[in-house]
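Visitor: I should be grateful for a close look at one part of this model, namely the place where the two chains meet. Please also relate that part to what lies around it.

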Amino acid sequence: MNDIVQRVRQLLATRLKLAKTVDEITDDTPLFAPTGLGLDSIDALELVLGLEKEFGVVIEDRAVAIRVLTSIKTIAEFIQSQGKG
Amino acid sequence: MDSDPLSRLPHGNAFRFVDRVLELTPGTRVIALKNVTVGDPHLQGHFPGNPIMPGVLLVEAMAQAAGLLLPEGSSALLAQIKEARFRRPVVPGDQMRIEAERLGGLGALHRFAVKASVEGAPVAEAELVLAVNDRGREGTP
């Protein structure tokens with residue numbers, strides 16, 4: 001699980017233009033809420049495509065994306081639940 | 001192809017930068033052509049005596065080609081231009097071949113890898129995100 005979290009952190013750092021460095025955020029920091037990283041829908045698409053490439057997990061449904069892309073932790077849990085990583 | 005695939009585009013003739021569709025696999029991949037002619041109105045000013053297809057219009061042509069891969073009847077707006085490169089000028093007489101492939105999507109957003117070439121030589125490439133903007137509904141996904 002720790003390894004997955006590290007790889008998700010790496011993915012965020014390389015694929016998104018974050019206002020903070022990944023070291024400044026916790027595994028529970030909200031990714032999309034303005035109080036967290038304030039990511040937008042284009043960032044969400046970037047993440048979805050990145051997760052598919054890096055972990056082989058496919059997210060096509062918007063409702064699933066909203067649930068999964070809540071934080072680094074929820075992304076890592078989803079990857080693990082899919083038997084990937 | 002039973003009907004003219006270009007009828008999928010919402011653009012009027014005055015702002016259409018795709019002339020013909022060679023191949024179309026809906027939702028997956030399209031190859032389209034744009035003939036650049038000395039009569040194209042934007043070339044009168046870009047530049048007088050030295051007509052060159054503007055880079056932003058190459059992007060527009062690539063976006064319109066990508067738009068052919070969206071569900072029929074949908075209208076879309078450009079949401080992101082990534083990794084755009086312009087490798088050589090496109091001038092009157094050139095026939096541009098535009099190849100667009102859908103990489104994936106989420107909600108109203110769709111991402112495409114698009115390449116344009118003239119006589120086999122790459123002229124431009126980009127990754128584009130289009131946001132489907134259904135009439136009467138919020139544009140944001």
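**The contact between the chains**

Guide: In this predicted model, chain A contributes nine residues to the contact and chain B contributes 12 residues. On the side of chain A that touches chain B, α2 (41–55) and α3 (62–68) each provide at least two residues. The largest share of that side, seven residues, belongs to α2(A). By character, the residues of the side of chain A that touches chain B comprise six nonpolar, one polar and two charged.

These two helices also have a role within their own chain: α2 and α3 of chain A, together with α1 (2–15), are among the elements that cover the buried residues of α4(A). Helix α4 of chain A spans residues 72–81, and its buried residues are Ile72(A), Ile75(A), Ala76(A), Phe78(A) and Ile79(A). Viewed down the axis of α4(A), these buried residues fall within an arc of 160°, and they therefore line one face of the helix. Just after α4(A) comes Gly83(A), with a positive phi of about 70°.

As for the nonpolar interior, the largest nonpolar core has 60 residues, and Met62(B), Ala65(B), Ala66(B) and Leu130(B) have the most contacts inside it. Strand β6 of chain B (residues 121–132) gives the most to this core, namely eight residues. Ala66(B) may serve as an example: apart from its neighbours within four places in sequence, Ala66(B) is in contact with Ala100(B), Phe112(B), Val114(B), Leu128(B) and Leu130(B). In soluble globular proteins, nonpolar side chains tend to be buried together.

How values were computed: Residues numbered from 1 in each chain as written. Chains lettered and ligands numbered in written order. Predicted model: local features only at pLDDT ≥ 70, side-chain atom pairs only at ≥ 80, totals over all residues. Core = buried A, V, L, I, M, F, W, Y, C linked by C-beta atoms within 7 Å. Buried ≥ 20, exposed ≤ 12 C-beta atoms within 10 Å, placed from the backbone. Helix = DSSP H or I, 4+ residues; strand = E, 2+ residues; numbered from the N terminus. Contact = placed C-beta atoms within 7 Å. Nonpolar A, V, L, I, M, F, W, Y, C, P; charged D, E, K, R; others polar. Arc of directions from axis to C-beta.
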